[in-house]
Amino acid sequence: MNEIIIELEEISPKDFFGAQNTNIELLKKYFPKLKIVARGNKVKAFGDEELLEEFDHRINMLLKHFAKYNKIDENTIERVLTSQSSDDYNTSEQSGEVIVHGVGGKLIRAQTANQRKLVETMRKNDMVFAIGPAGTGKTYTGVALAVQALKNKEVKRIILTRPAVEAGENLGFLPGDLKEKLDPYMQPLYDALRDMIPAEKLALYIENGTIQIAPLAFMRGRTLDNAFVILDEGQNTTHAQMKMFLTRMGKNAKFLLTGDPGQIDLPRRTISGLKEALLILKNVEGVGMIFLDDKDVIRHRLVKKVIEAYKSIENRE
């Protein structure tokens, strides 16, 4: 039986192997025909020569990634083991830096390869589409970038918007004024902001218009300049709404559009403005597109399994 031995140099075996060797156990799942043993600072693998070559290649990719970022986790391992090359998961040093020092000293940074690519793409383009399922950090990373731009005085205001799909029917039955009726739709945006800006300062920003949170319908007729603008839940825009929003872009503006084409709440036979825009704008210079997937899910580990389970049903339909 063929054998290879990989020795960890200048790397903590405990950190690389994971708590109770969880990272090694994951490697075993991807190489079920190999016998893999981790002891001390060595990883030994026994089996077919061709498989050993692939294993050697992949574990060296992981070691390089660990040396660069000082950590690996389940998402990183999955992406490295399923990527064609390091270009699929490697990003610049700058994109992994802290985006914002949040409330209570919380360090907010991109946590996955695609989130880091989102940070990079946002730096290079004025308009970016971030597409992916729930929990992949699209909105959260976007809000962090907006807060960073505001703190660095790159923009004068942050504008957060999303379509209130049920506005025509259900909002009238809710108690309170218009703001109170619309706030539930905007809650994910408020949640992200509360992590990044102290409560008193956030209240002041909202009061003086430095941060504006409003439904998409309120954007009509405006020119949005000197602003970092995020359109959340873009899959629920119609053709007319998306065209209206995209043409609001003013001088020194950054536009980030997020959405999940798999969660469209529009009436049947209504074309999603997001899906249409992705096709129309895919070759336009200055427009960036990042596609996140279930490997970028940073919520509870069960969220990833839920997404996979639903994907298997939807693929059969």
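Asp 232 sits in the loop that links β9 (227–231) to α9 (239–246), in what is a predicted model. The residue is buried and yet takes part in no salt bridge, the nearest side chain of opposite charge being that of Arg 162, 4.0 Å away. Its side chain does make polar contacts: one of 2.6 Å with the side chain of Thr 139, and another, also given as 2.6 Å, with the side chain of Thr 258. When neighbours within four places in sequence are left aside, the residues in contact with Asp 232 are Thr 139, Thr 161, Arg 162, Pro 163, Leu 189 and Thr 258.

The strand that precedes this loop belongs to an open sheet of six strands, which pair in parallel in the order β8-β7-β9-β10-β6-β11. Because β8 (211–215) and β11 (287–291) stand at the edges and have a single partner strand each, one side of each is left without a neighbour in the sheet. On average, and with direction ignored, neighbouring strands of this sheet are turned by 15° against each other. At the β8 edge, β7 (residues 157–162) runs parallel to β8 and is joined to it by five bridges, with Leu 160 standing opposite Ile 213 of β8.

Two helices can then be placed against these strands. Helix α6 (residues 138–151) packs on the sheet, where it touches β6 (127–131), β7, β9 and β10 (254–259), and its direction makes about 170° with that of β9. Helix α10 (residues 273–280), for its part, lies across β6, β10 and β11 and runs at about 125° to β6.

Methods: Residues numbered from 1 in each chain as written. Predicted model: local features only at pLDDT ≥ 70, side-chain atom pairs only at ≥ 80, totals over all residues. Heavy atoms only, no water. Helix = DSSP H or I, 4+ residues; strand = E, 2+ residues; numbered from the N terminus. Buried < 20%, exposed > 50% of the residue type's maximum accessible area, 1.4 Å probe, protein only. Lys, Arg positive; Asp, Glu negative; His and termini not counted. Polar contact = N/O pair within 3.5 Å; in protein donor to acceptor, adjacent residues only side chain to side chain. Contact = heavy atoms within 4.5 Å. Pairing = 2+ DSSP bridges. Axes fitted to C-alpha atoms, helices over the stretch in contact; angles between N-to-C directions.
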